[in-house]
Amino acid sequence: MADQNLLPVGFYDLIFEEAEKSHQDSVLAISYLMQSNYRLIKPPLIEFDSTFKETNDSDYLVTTDSISGKKIALRSDITLQIGRILTTRLKNYKLPIKLCYIGDVIKTKSVNLYADRQQTQIGFEIIGIDNEKNNLILDFVVIEDSIQILQKIRVENFSFKFSLPDFLHIFLEDAAIKNQQILKKAILQKNLSEIKRICPEYSDILSKIVRCQDNLTNLSDLITAKINSNKIQFELNRAKQIESFFAKKYNKIPIIFDLFGDQDIKYHQDIYFEIFVPRFSYSIARGGRYNIDRKSTRLKSSHQI
């Protein structure tokens, strides 16, 4: 009979102080965003699975709608719903636009030790800017807003990890490396012995990138000394601008660069970041840039937390 009181793995009750803190933190975060001119939206928990099935996300629950007979999905990420809203309800809305949202998401599996499968997601995005200079400015805006929110809800000792989602493809192409798909898999798995076996010519550089072993300046000098590529230099300059931003404004917040990133990067481009705290093995927030199609126009968007 005791088993009747158990919940599926990754689901839980919040009671008393836990529930009160969760509610208070959510109110503080959304209040700050609305005061910063983000407009609040509230997408539904369930919608037709066409919103999700064309993405790289496979972590959502699917069932059949008893009324329409169509496949429906319980969202695993509110960000994926933003594209649908922009092409329907907001298709004639003047851009750029700042959006924020809050709601529960459901994960089909737990990929991290003790990870929750039901999570409350609070996010915010700036949509409709399409040039590198302004996009980088907005990257810094959403990073600052993330920091402000974490400080308001009294999160301490957090750190940032930055990746460049396009950098791996650019590096493999411009270095003219053979067996790119096999090497890419080894790099994303951070398999150093396999990297050395497949690509001994660049194994020293690749191992330093994969292990986040060197500081950004040294790593950049090492890469550009061996590979002459404007695209690679452009990506590295983008990382240096992020480093400079933190040095000037948040020099007490630790940052690291995992330039290639890993397989958790699904739809982001150009810049991706995760925020960590010491007591968790997985990130408490993540964000960056991604593209949204609206009226055949590619729109830059930043960031969910």
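Three bridges join strand E7 to strand E8, and the two run parallel. One pair to look for there is lysine 161 and isoleucine 256, its bridge partner in E8. Keep in mind as you look around that this is a predicted model.

E7 also pairs with strand E9 (residues 269-276), this time in the antiparallel sense and over five bridges. Here serine 159 stands opposite phenylalanine 276 in E9. So how enclosed is strand E7? Four of its five residues (159-163) are buried, so E7 is largely enclosed by the rest of the structure.

Lysine 161 has another partner as well: glutamate 274, with which it forms a salt bridge. Glutamate 274 sits in E9 and lysine 161 in E7, so the pair ties together parts that are 113 residues apart in sequence. Are these two residues buried or exposed? Glutamate 274 has a relative accessible area of 5%, so it is buried. Lysine 161 comes out at 14%, and because the cut-off for buried is under 20%, it counts as buried too.

That pair belongs to a longer list, since the structure holds 14 salt bridges. As a bit of background, side chains of opposite charge can pair when their charged atoms come close. Here are three of the salt bridges, with the N to O distance for each.

| Acidic residue | Basic residue | N to O distance |
|---|---|---|
| Aspartate 139 | Arginine 289 | 2.7 Å |
| Glutamate 235 | Arginine 238 | 3.1 Å |
| Glutamate 274 | Lysine 161 | 3.6 Å |

Aspartate 139 and arginine 289 link distant parts of the chain: the aspartate is in helix H4 (residues 132-152), the arginine is in strand E10 (residues 285-294), and they are 150 residues apart. Both are buried.

Glutamate 235 and arginine 238 tell another story, as both lie in helix H10, three residues apart, or about one turn of the helix. Glutamate 235 is buried at 4% relative accessible area, and arginine 238 is buried at 3%. Salt bridges with shared partners join these two into one network with Glu132, Asp139, Asp270 and Arg289.

Now for the nonpolar side of things. In soluble globular proteins, nonpolar side chains tend to be buried together. In this model, the largest nonpolar core has 50 residues, and Phe160, Phe167, Phe171, Phe246 and Leu259 have the most contacts inside it. Helix H10 (residues 230-249) gives the most to this core, with six residues. Leucine 259 has contacts well beyond its sequence neighbours within four places, including Phe162, Phe167, Ile209 and Leu236. Apart from the largest core lies another one, with 18 residues, among them Ile41, Phe52, Leu86 and Ile97.

Just past H10 you'll find tyrosine 250, in the loop between H10 and strand E8 (255-257). Tyrosine 250 counts as buried, with a relative accessibility of 13%. Leaving out residues up to four places away in sequence, tyrosine 250 touches Glu144, Ile147, Gln148 and Phe245.

Elsewhere, three strands form an open antiparallel sheet in the order E2-E4-E3. E2 (46-48) and E3 (61-64) are the edge strands, each pairing on one side only. Three bridges join E2 to E4 (residues 71-74), and isoleucine 46 stands opposite leucine 74 in E4.

Finally, how confident is the prediction? The chain averages a pLDDT of 89, and 91% of the residues score at least 70. Over residues 295-305, though, the pLDDT is below 50. Where pLDDT is low, the predicted coordinates should not be read in detail.

How values were computed: Residues numbered from 1 in each chain as written. Predicted model: local features only at pLDDT ≥ 70, side-chain atom pairs only at ≥ 80, totals over all residues. Heavy atoms only, no water. pLDDT = per-residue confidence, 0-100. Contact = heavy atoms within 4.5 Å. Pairing = 2+ DSSP bridges. Core = buried A, V, L, I, M, F, W, Y, C linked by side-chain atoms within 4.5 Å. Buried < 20%, exposed > 50% of the residue type's maximum accessible area, 1.4 Å probe, protein only. Salt bridge = Lys/Arg side-chain N within 4 Å of Asp/Glu carboxyl O.
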